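This report describes the fold of one protein for a reader who is new to structural work. Please keep the sequence and the three-dimensional view at hand while reading.

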Amino acid sequence: MKRTSAVTVVVLVFAGAVLGGLAQLALATSGRPIFAPPLTLPVALAAIGVIVVVMAVPIRRMTRGGTSAPVDPFYAARVVTLAKASALSGSVGVGAGIGFVLYLLSRAVSPALTTVAPAVATLVGAAVLLAGALIAEAMCRVPPRDDDRDDSDGPVRARS
């Protein structure tokens with residue numbers, strides 16, 4: 001599995017910002033109340049980001065020679081998959097938080113702090129999730145061995 005690229009993160013942040021802002025605009029123009037994220041959402045996002053990093057610590061220790069126990073491949077695969085999914089969803093969450101904040105700050109009437117604070121907190125919680133996921137992906141990377149590298153510059157020829 002390849003690591004999450006910066007281009008993917010930027011595209012998902014942009015898409016989340018556009019969708020988040022348009023969703024708020026659609027709700028407001030239809031006369032419905034805009035979405036105000038609950039205060040438990042940023043706490044949950046940040047907690048997931050921390051949990052992903054904590055789950056990647058044993059893999060980091062095993063791959064760097066901190067313990068003599070072998071790496072459980074199923075556990076490592078699950079942690080890397082969770083980190084990848086968290087990075088992608090954290091990117092969309094950061095974008096949605098940006099969209100919410102930009103919508104609130106672009107209104108003609110200045111919004112109350114109680115309206116903007118949950119949106120900013122959601123943005124921060126999603127950023128913690130994204131950072132934790134990217135850190136966990138890096139922690140699960142296996143360092144290259146010396147025999148994995150091929151130092152020859154020319155074509156490989158079969159010996160007879």
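In which helix is the place of Ala87? Ala87 belongs to helix H3. Before this residue is examined further, the overall plan of the protein should be set out. The model is a predicted one.

**Overall plan**

The protein has four helices and zero strands, and along the sequence its pattern reads α-α-α-α. Of its 160 residues, 29% are buried. Among contacts with a separation of 6 or more, 81% join residues that are 24 or more positions apart.

**Helix H1**

Helix H1 covers residues 6–29, which amounts to 24 residues. From its first C-alpha to its last it reaches 34 Å, close to the 34 Å expected at 1.5 Å a residue. Which residues of H1 are buried? They are Val9, Val13, Gly16, Ala17, Gly20, Gly21 and Gln24. A general property of helices helps in reading such a list: an α-helix has 3.6 residues a turn, so residues three or four places apart point the same way. The cover over the buried residues of H1 includes helix H3 (73–105) and helix H4 (113–139).

Gln24, which lies in helix H1, has a relative accessibility of 1% and therefore counts as buried. Not counting residues up to four places away in sequence, Gln24 touches Ile34, Phe35, Phe100 and Tyr103. After H1 comes Gly31, whose phi is positive, near 85 degrees.

**The aromatic pair**

Two of the residues touched by Gln24, Phe35 and Phe100, also meet each other. The structure holds one aromatic pair, and Phe35 and Phe100 form it. The pair is tilted, with 5.5 Å centre to centre and 55 degrees between the planes. Why does the pair tie together parts that are 65 residues apart in sequence? The reason is that Phe35 lies in the loop between H1 and helix H2 (40–63), whereas Phe100 lies in helix H3. As to exposure, Phe35 counts as partly exposed because its relative accessibility is 41%. Phe100 has a relative accessible area of 10% and is therefore buried.

**Helices H3 and H4**

Ala87, in helix H3, counts as buried because its relative accessibility is 0%. Leaving aside neighbours within four places in sequence, Ala87 is in contact with Thr4, Leu130, Ala133, Leu134 and Glu137.

One of these contacts, Ala133, is found in helix H4. Ala133 is also buried, with a relative accessible area of 0%. Apart from residues up to four places away in sequence, Ala133 touches Val52, Ala83, Ser86 and Ala87.

Two further residues have other degrees of exposure. Val124, found in helix H4, has a relative accessibility of 48% and so counts as partly exposed. Leu105, found in helix H3, counts as exposed because its relative accessibility is 55%, and exposed means over 50%.

The table sets out pairs of residues by their separation in sequence and their distance in space, C-alpha to C-alpha.

| Pair | Separation in sequence | Distance, C-alpha to C-alpha |
|---|---|---|
| Ala87 and Leu134 | 47 residues | 6.2 Å |
| Ala133 and Ala85 | 48 residues | 8.2 Å |
| Val124 and Ala46 | 78 residues | 8.1 Å |
| Leu105 and Val116 | 11 residues | 8.1 Å |

**The largest pocket**

What volume does the largest pocket have? Its volume is about 260 Å³. The pocket is lined by 14 residues, of which Met1, Val80, Glu137, Cys140 and Arg141 are the closest to its centre. Glu137 has already appeared in this report as a contact of Ala87.

Which helix supplies the largest share of the lining? Helix H3 does, with five residues. By kind, the lining residues of the largest pocket divide into eight nonpolar, one polar and five charged.

**Summary**

In this predicted model, the protein follows the pattern α-α-α-α. Helices H3 and H4 are included in what covers the buried residues of H1. The Phe35 and Phe100 pair ties the loop between H1 and H2 to helix H3. Helix H3 also gives the largest share of the lining of the largest pocket.

Key
Residues numbered from 1 in each chain as written. Predicted model: local features only at pLDDT ≥ 70, side-chain atom pairs only at ≥ 80, totals over all residues. Heavy atoms only, no water. Helix = DSSP H or I, 4+ residues; strand = E, 2+ residues; numbered from the N terminus. Expected span 1.5 Å × (residues − 1). Buried < 20%, exposed > 50% of the residue type's maximum accessible area, 1.4 Å probe, protein only. Contact = heavy atoms within 4.5 Å. Phe/Tyr/Trp six-rings, centres within 6.5 Å; stacked < 30°, edge-to-face > 60°. 1 Å grid on protein atoms, 1.4 Å probe; cavity = no way out; pocket = protein on both sides within 12 Å on 5 of 7 lines; lining within 4 Å. Points joined across faces, edges and corners; volume = space filled by probe spheres on them. Nonpolar A, V, L, I, M, F, W, Y, C, P; charged D, E, K, R; others polar.
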